[in-house]
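Q: Please take a close look at one part of this model for me. I would like to know what surrounds the first ligand, and how that part sits within the rest of the chain.

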Amino acid sequence: MAINIDKEKCVGCSICIKSCPFDAITVENKVAVIGSACTECGACIDKCPFEAIVKTEIEKEKKVDLSAYKDVWVFAEQREGELMNVAIELMGEGRRLADEVGSELCAVLCGDGVQELISELFAYGADKVYIADHPELKSYRTDAYCKVINDGIVKYHPEIVILGATHIGRDLGPCLAVAADTGLTADCTSFAIDPEDKKLLQTRPAFGGNLMATIICPETRPQMATVRPGVMDKAEYVEGRTGEVIELKVDFKDGDIRTEVLKVVKDVKEMVSLTDAEIIVSGGMGLGSPEGFKLTKKLADRLGGAIGSSRAAVDAGWIDRAYQVGQTGTTVKPRIYFACGISGAIQHLAGMQNSDYIVAINTDENAPIFEVADYGIVGDLYKVIPAILEALDK
Ligand code: FAD
Ligand code: SF4
Ligand code: SF4
């Protein structure tokens with residue numbers, strides 16, 4: 001609906017101005033004008049003695065033909081010619097989804113000189129690889145990647161598009177969704193297929209992690225989602241598998257790409273690779289002070305692992321945010337996760353409860369962390385960790 005003025009009938013008498021509770025009407029050049037404040041409440045319509053205010057139906061947007069969309073696309077994110085772990089995890093999940101909806105799994109690969117990754121993507125289960133290999137795609141730029149992939153979406157009509165919730169995926173996903181005029185569910189933790197209509201059920205934490213929401217995209221396509229690294233299991237690598245290679249058109253006109261990469265500066269800070277670590281020793285407020293991380297680091301170094309932390313310790317300024325595990329930090333899935341002096345708030349659990357083994361050290365035997373722990377040690381971490389180190393030395 002929209003409120004409009006019939007310019008033929010309006011005499012500019014201004015009677016309608018007062019009738020609008022939102023001050024949305026002005027009279028300019030002896031004709032009433034409906035401004036952007038109009039809420040379409042309709043209060044003004046009967047007030048015009050000349051029947052110059054009319055409510056008009058806006059033509060309903062065309063319905064999308066959902067049946068025209070098929071296949072599952074996974075954004076095969078690569079950096080410097082190496083596939084990101086999350087892309088391999090999404091290949092595993094994408095395979096499962098494609099099998100359930102009865103379609104093909106397709107990897108979408110963009111970059112410069114990335115042809116070598118094609119065979120790897122087939123080995124990870126792709127039936128088709130869509131590739132855009134071009135110097136303009138060497139470094140990630142939103143405009144360039146978005147245009148190439150969206151042109152592909154328009155041409156090939158994928159039913160589902162999933163991306164890793166990396167810095168790149170979090171930037172590209174929403175831009176693609178806008179370009180494709182569809183929705184996007186960010187940071188999904190699981191997917192399912194509705195057995196009745198084969199819609200993608202996209203589940204993610206909501207309301208500060210206190211409940212899980214399942215989101216659907218009923219009227220537009222593709223169904224798009226991002227998934228954090230470390231949440232899904234990696235695809236199985238089967239050497240020698242092959243499939244179809246399809247080139248995506250790369251056709252940039254002046255003004256299509258609004259940014260230029262002048263220099264790539266790598267972060268000189270200590271690299272934190274929580275998602276790749278097989279053992280993580282995390283500390284929380286139970287450490288008592290930032291100095292406590294020296295002890296967790298000692299245990300992590302002894303086991304060849306990495307250190308992590310709770311958000312409370314980050315918020316206290318004890319450690320950099322890059323180490324934070326949890327809903328608003330990194331999601332991890334190591335072989336062993338040590339939670340030292342961490343209470344086990346739901347937002348922390350959201351980022352580590354899929355670890356193979358969880359060892360909790362806490363002075364409070366009722367701490368919620370013990371509910372997810374495989375091994376629980378009730379005690380002071382300043383006594384327990386040195387005892388573990390001593391035992392390891394023996
Ligand atoms: P506390 O809850 O204070 O727990 C400290 C624990 O240490 C206690 O259980 C105590 O018994 C134990 N302890 C004390 N002394 C010792 C000792 N000497 N030896 C052994 N144990 C000891 N949190 C995250 O971690 N990650 C997130 O991503 C995250 N995201 C959030 C997002 C939102 C929207 C919100 C609202 C919160 C989020 N939080 C997150 C915060 C979360 O709710 C908790 O506040 C936080 O995890 C608590 O951190 P903690 O366990 O270190 O501290
Ligand atoms: Fe007058 Fe009607 Fe025009 Fe308003 S819309 S200025 S009431 S003629
Ligand atoms: Fe104002 Fe309501 Fe008329 Fe819009 S429809 S101009 S909000 S009175």
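A: What follows starts at ligand 1 and then moves outward through the chain. Keep in mind that this is a predicted model.

Start with the shell. Ligand 1 is surrounded by 26 residues. The closest are Ser-310, Thr-328, Ser-343, Gln-347 and Asn-362. Sorted by class, the shell holds 16 polar, 7 nonpolar and 3 charged residues. Three elements each give at least two residues to this shell: α6 (311-315), α7 (346-349) and β20 (357-362).

Now the polar contacts. The side chain of Ser-343 places an N or O atom 2.6 Å from an oxygen atom of ligand 1. Gln-324 also uses its side chain: a polar atom there lies 2.9 Å from a ligand 1 oxygen. Arg-311 works through its backbone instead, with a polar backbone atom 2.9 Å from an oxygen of ligand 1. How much of the ligand is covered by the protein? Ligand 1 alone exposes 990 Å², and the protein buries 73% of that.

Next, some residues in this stretch of the chain. Ser-309 belongs to strand β18 (residues 306-309). Its relative accessible area is 0%, so Ser-309 is buried. Ser-309 and Lys-249 are 60 residues apart along the chain, and 44 Å separate their C-alpha atoms.

Ala-339 sits in strand β19 (residues 336-340). Ala-339 counts as buried because its relative accessibility is 0%, against a limit of 20%. Its C-alpha atom is 8.9 Å from that of Ser-310, although the two residues are 29 apart along the chain. Ser-310 is one of the closest residues to ligand 1.

Ala-373 lies in a loop, the one between α8 (369-372) and β21 (375-378). Is Ala-373 buried or exposed? Ala-373 is buried, with a relative accessible area of 17%. The C-alpha atoms of Ala-373 and Tyr-337 are 9.2 Å apart, with their positions 36 residues apart along the chain.

Step back to the domains. The chain is divided into domain 1 (2-56), domain 2 (66-247) and domain 3 (279-393). The centres of domain 1 and domain 3, taken over C-alpha atoms, are 64 Å apart.

The other two ligands make a useful comparison. Around ligand 2 are Cys-10, Val-11, Gly-12, Cys-13, Ser-14, Ile-15, Cys-16, Ala-32, Cys-48, Phe-50, Ala-52 and Ile-53. That shell has 10 nonpolar and 2 polar residues, and no charged ones. Ligand 3 is surrounded by 13 residues. The closest to ligand 3 are Cys-20, Cys-38, Cys-41, Gly-42 and Cys-44. By class, the ligand 3 shell has 10 nonpolar, 2 polar and 1 charged residues.

Then the aromatic residues. The structure holds 6 aromatic pairs. Phe-75 and Tyr-145 form an edge-to-face pair, because their planes stand at 80 degrees; the ring centres are 6.3 Å apart. This pair links distant parts of the chain. Phe-75 is in strand β5 (residues 72-75), Tyr-145 is in helix α3 (residues 142-156), and 70 residues separate them. Both Phe-75 and Tyr-145 are buried. Tyr-145 also pairs with Tyr-140, again edge-to-face, with ring centres 4.9 Å apart and planes at 75 degrees. The relative accessible area of Tyr-145 is 4%. Elsewhere, Trp-73, Tyr-130 and Tyr-156 form one aromatic cluster.

Finish with the backbone. The peptide bond from Arg-221 to Pro-222 is cis, with omega near 0 degrees. Pro-222 is in the loop between β14 (211-215) and β15 (223-227).

Two aspartates have a positive phi although neither is a glycine: Asp-181 at about 55 degrees, and Asp-187 at about 60 degrees. Asp-181 is in the loop between α4 (167-179) and β11 (184-188). Asp-187 is in strand β11. Their exposure differs: Asp-181 is exposed, with a relative accessible area of 57%, whereas Asp-187 is buried, at 15%.

How values were computed
Residues numbered from 1 in each chain as written. Chains lettered and ligands numbered in written order. Heavy atoms only, no water. Near = heavy atom within 4 Å. Polar contact = N/O pair within 3.5 Å; in protein donor to acceptor, adjacent residues only side chain to side chain. Areas by Shrake-Rupley, 256 points an atom, 1.4 Å probe, with all protein chains shown as cover. Helix = DSSP H or I, 4+ residues; strand = E, 2+ residues; numbered from the N terminus. Nonpolar A, V, L, I, M, F, W, Y, C, P; charged D, E, K, R; others polar. Domains from an automatic or database assignment. Phe/Tyr/Trp six-rings, centres within 6.5 Å; stacked < 30°, edge-to-face > 60°. Buried < 20%, exposed > 50% of the residue type's maximum accessible area, 1.4 Å probe, protein only.
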